[in-house]
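Biologist: Please take a close look at a single part of this model and describe its surroundings with care. Give the cut-off behind each term as you go.

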Amino acid sequence: MNKTIKSIFLIFLSAFVLVGCNSNEIVEEDLSVQTVEISSLKGATTIGLAKMIDDHENNDEEFIIDNNKVEYNFEQFGLAEEVVTKLMKGETDLATIPANLASTLYNKSEGDIQVISINTLGVLYMVENDNNVNSIEDLNGKTIYSVGKGITPEGVLNLFIQGNQLEDVKVEYKSEASEIAALLKTESNIIAMLPEPFVSVVKKGNPDIRTIFDMNEEWEKLNNGNSMVTGVLVGRREFLEENSDILEIFLKEYEDSMEFAKTEPEKTGEIVESMGIIPEGIGKYSIPNCNISFIKGEEMKSLLQDYLTNLYNFKADLVGGSIPKEDFYY
C-alpha cells in the first residue's frame, strides 16, 4: 500500500511540475512587449545614463510588469532640435535635455512636458592661456570669448558680469567651441567660457590653459547658494500618468547609473567614449567636472524655479516666455 501511495504521489507530483512548466511557457508566450523610448543629447546630460544604456544594450536587461515585458530603446542625438521633434510628435517617452529647454517645451506644448529630475548642475568654466587673471576684478578691460549667444551661457555670463559690477568687459560670441579652442591654441591672452567636455579637450591639447573660475560656484555666490542647473530628465505627461510603475523602476536604475558615473569616472569615460559622446581619452578628466547629480522632488523644484527665474529676468525667451506653473514638476 505504501508503495502504491508513493507511486501515485510521484505521478501527481510529476504532472504538477509539467503543468507548472507548461503554464510558465504559455505566460512567456502571451507576454506583450512595451518599449520605452528614451532620447538624449550627446554631451554632459547623457553621461549619467551611460552605465544604464550599456547594461541594457549589451546585457539585454529587461523586466516584467503586469504581463508586459518592458524594454528600453535609447537614442542619442547631436542637436537639441532632434530631441524636441521626437518629444513633440510623441515619438519618445523620456528625454534628457537642457533645463531651460524643458521650460520652453512645457510652454510650447501647453503643459504636456513635465520635468522629473535634475541630472546635471553647472558645466561652465572660465579659462585662460596666460597667468593674467587672479581675481574677478582682473577681467576689467579684457575680452571674454564664449559660445551660446541667445541661450543659457549668455544669461549665465551676463549675471556674472552684472553681479560682480564689471563695467569694462567685452564679450565676443563664437558659433562653435572649436573656434575658441583654436584661439586658445594660437593666440595669447585669451580668456574664454566653455562647457565640459570642451574644457578638458582644450586643456589636454595645451597644458598652459588653466581654469580661473568655476561658473557654477560663481552662480551660487550670486544666488544664495543655489546651483546652476544644466540638464534635466523630462517625460510626456500621458506616458508618466499611465506608467508610474515603469518610471519608478527606471528612476532607481537611473540613480544607480549616475552614482556609477560619479564614483567610477574612468570606467564611465570608456563607455561614453565608445558611444561617441566624449572624445577618446577625455572622459575620465571631464566627468568629475560635469557635476552629475540626481535630484528630484522638492529640492529639484526649488533649484529649478530659482534658475529659471534668473534666466527669465534676463531674457524671457530663454525659458519660453513665462515661468512654468506647478504642474511642470512631476
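Modeller: Accessible areas are obtained here with the Shrake-Rupley method and a 1.4 Å probe, and for residues only the protein chains shown count as cover. On that basis the accessible surface of the protein chain comes to about 16,500 Å², of which 47% belongs to carbon and sulfur atoms. This is a predicted model, in which local features need pLDDT of at least 70 and side-chain atom pairs count only at pLDDT 80 or more, while totals for chains, interfaces and linings use all residues. Residues are numbered from 1 along each chain as its sequence is written, and side-chain values use heavy atoms, with hydrogens and water left out.

The protein chain has 14 helices and 12 strands, taken as DSSP runs (H or I over at least four residues for helices, E over at least two for strands) and numbered from the N terminus. Of its 330 residues, 47% count as buried, a term that means under 20% relative accessible area, with exposed set at over 50% and partly exposed in between (1.4 Å probe, protein chains only). Among the contacts with a separation of 6 or more, 79% are between residues 24 or more positions apart, contact meaning heavy atoms within 4.5 Å.

The part I would single out is strand β12, with its partner β5. Strand β12 spans residues 292-295 and includes Ser293; Ile292 also belongs to β12. β5 and β12 run antiparallel and are joined by 2 bridges, where pairing requires that DSSP find at least two bridges between the strands. Within this pairing, Ile118 has Ile295 of β12 as its bridge partner. On another partner, β5 pairs with strand β11 (residues 231-236), also in the antiparallel sense, over 6 bridges, and there Thr120 stands opposite Gly231 in β11. Strand β5 itself, residues 113-120, is mostly covered, with 8 of its 8 residues buried.

Consider Ile292 and Ser293 in turn. Ile292 has a relative accessible area of 5%, so it is buried. Not counting residues up to four places away in sequence, Ile292 touches Ala44, Ile47, Gly48, Asn119, Met258 and Lys262. The C-alpha atoms of Ile292 and Gly122 are separated by 8.9 Å, although these residues are 170 residues apart along the chain. Ser293 counts as buried because its relative accessibility is 12%. With residues up to four places away in sequence again left out, Ser293 touches Ile118, Asn119, Thr120, Leu121 and Met258. The side chain of Ser293 also reaches the backbone oxygen of Asn291 at 3.2 Å. That is a polar contact in the sense of a pair of N or O atoms within 3.5 Å; within protein, one must be able to donate a hydrogen and the other to accept it, and residues adjacent in sequence count only if both atoms are side-chain atoms.

Phe294 brings in the aromatic rings, since ring pairs link Tyr72, Phe74, Phe250, Tyr254 and Phe294 into a cluster. Rings of Phe, Tyr and Trp (its six-membered ring) pair if their centres lie within 6.5 Å, and planes under 30 degrees apart count as stacked, over 60 as edge-to-face and the rest as tilted. The structure holds 8 aromatic pairs. In one of them, the rings of Tyr72 and Phe250 have centres 5.5 Å apart and planes at 85 degrees, so the pair is edge-to-face. This pair links distant parts of the chain, with Tyr72 in strand β3 (residues 68-77) and Phe250 in helix α11 (residues 244-263), 178 residues apart. Tyr72 counts as buried because its relative accessibility is 11%, and Phe250 is buried with a relative accessible area of 1%. Phe250 also forms a tilted pair with Tyr254, at 5.6 Å centre to centre and 40 degrees between the planes. Phe250 and Tyr254 both lie in helix α11, 4 residues apart, which is about one turn of the helix, and both are buried.
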